[in-house]
Amino acid sequence: MNVRYDAGEVITAMITPFKSDLSVDFDSLEKLVVHLINNGTDTILVTGTTGESPTLTHEEELDILKCVRGAASGKVKIVMGAGSNSTLTAVEVAQKTEEIGADALLSVVPYYNKPNQKGIFEHFSAIAKSTSLPVMLYNIPGRTGVMMNPQTIADLARAHKNIFAVKQSAPDIDLVTEIAYDTPEDFVIYSGDDSMTLPILAVGGMGVVSVASHLVGKDIKDMITAFKMGNNQLAKEIHFKNYDFFSGIFTHPNPIPIKALLKEEGIIACDEVRPPLFKLTKEEIAKLRVAISDSMIP
């Protein structure tokens, strides 16, 4: 399949490690990048909502991008979460992202404003025109309060060649089918939910923007490979094997559970999250372990 931009199949929406004083832990960040490279990740997404972008300053976001670029050493591609509910701000961030040297950017549907489809189209058109970087649209109505319709996605894909993909975080396979049917053949769809990856592959998806890949990235990569090679039974077995993990890491607000597990595995030094989120208690971590007990995590 020819694509406008190849971000691979497994894009990890990377957490942002913090120290106990809630400052960014750049040492853990570098260690996490190496871990992801060695465990199935094709592309790292920095400063998305999993990276706690709502509580990061713009300066911190740019410093994180620089750190990840350095630690990755060109071994994986880097996508930056660069969206805003202000079109002017989103354009400014997209341009700064290009200056620093990200490979692509992810831009979310404007949240809280609740624009109509024309407003959404014009918002993303302004971003696409402002940068030469490839742009992935991010459709997550549960957080933004508004759905970007399949027709709007298709119109944007036809109007702007650098809009190459959508991260679809609306668990409705009919919507994904409509997007796949209406968009150009070189436009790609990523699942925004780990548990929906296999169903979305079945209607033409490319892969997943994943949280679970922090710890089960190799399994997710194997599942996608098996499906694309025609081994549907193996793909289904891997999906079922990891389903409890896919669900369990969202029993508390993301990224609280995945941070707790990464600390327990020794991959990051601290599982702090910034308020209004708060880390799990020991009792909650024990319950999380029970919830994911059928997964591959020790």
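Reader: In which sense do strand β2 and β3 pair, and over how many bridges?

Author: In this predicted model, strand β2, which covers residues 43–46, pairs with β3 in the parallel sense, and the pairing runs over four bridges.

Reader: Which residue in β3 is the bridge partner of Val46?

Author: The bridge partner of Val46 in β3 is Met80.

Reader: And what do the strands β1 to β8 form?

Author: They make a closed barrel of eight strands, in the order β1-β2-β3-β4-β5-β6-β7-β8, with parallel pairing. On average, neighbouring strands of this sheet are turned by 25° against each other, if direction is ignored.

Reader: Switching to helices, how many residues does α3 have, and what does it reach from its first C-alpha to its last?

Author: Helix α3 has 14 residues, from 87 to 100, and reaches 20 Å between those two atoms, which is close to the 20 Å expected at 1.5 Å a residue. After the helix comes Gly101, whose phi is positive, near 115°.

Reader: Which residues of α3 are buried, and what covers them?

Author: The buried residues are Ala90, Val91, Val93, Ala94, Thr97 and Ile100, and their cover includes α2 (58–72), β3 (77–81), β4 (104–108) and α4 (117–130).

Reader: New topic: how many disulfides does the count come to?

Author: The count comes to zero disulfides. Cys67 is in none, as the nearest cysteine sulfur, that of Cys270, is 17 Å away.

Reader: Why is there no bond for Cys270?

Author: Its closest cysteine sulfur is the one in Cys67, and 17 Å is too far for a bond.

Reader: Is Cys67 buried or exposed, and what about Cys270?

Author: Cys67 counts as buried because its relative accessibility is 13%, and Cys270, at 13% relative accessibility, counts as buried too.

Key. Residues are numbered from 1 along each chain as its sequence is written. This is a predicted model: local features need pLDDT of at least 70, side-chain atom pairs count only at pLDDT 80 or more; totals for chains, interfaces and linings use all residues. Side-chain values use heavy atoms; hydrogens and water are left out. The expected span of a helix is 1.5 Å times one less than its number of residues. Buried means under 20% relative accessible area, exposed over 50%, partly exposed in between (1.4 Å probe, protein chains only). Contact means heavy atoms within 4.5 Å. A disulfide is a pair of cysteine sulfur atoms within 2.5 Å. Two strands pair if DSSP finds at least two bridges between them. Axes are lines fitted to C-alpha atoms, for helices over the stretch in contact, and angles run from 0 to 180 degrees between N-to-C directions.
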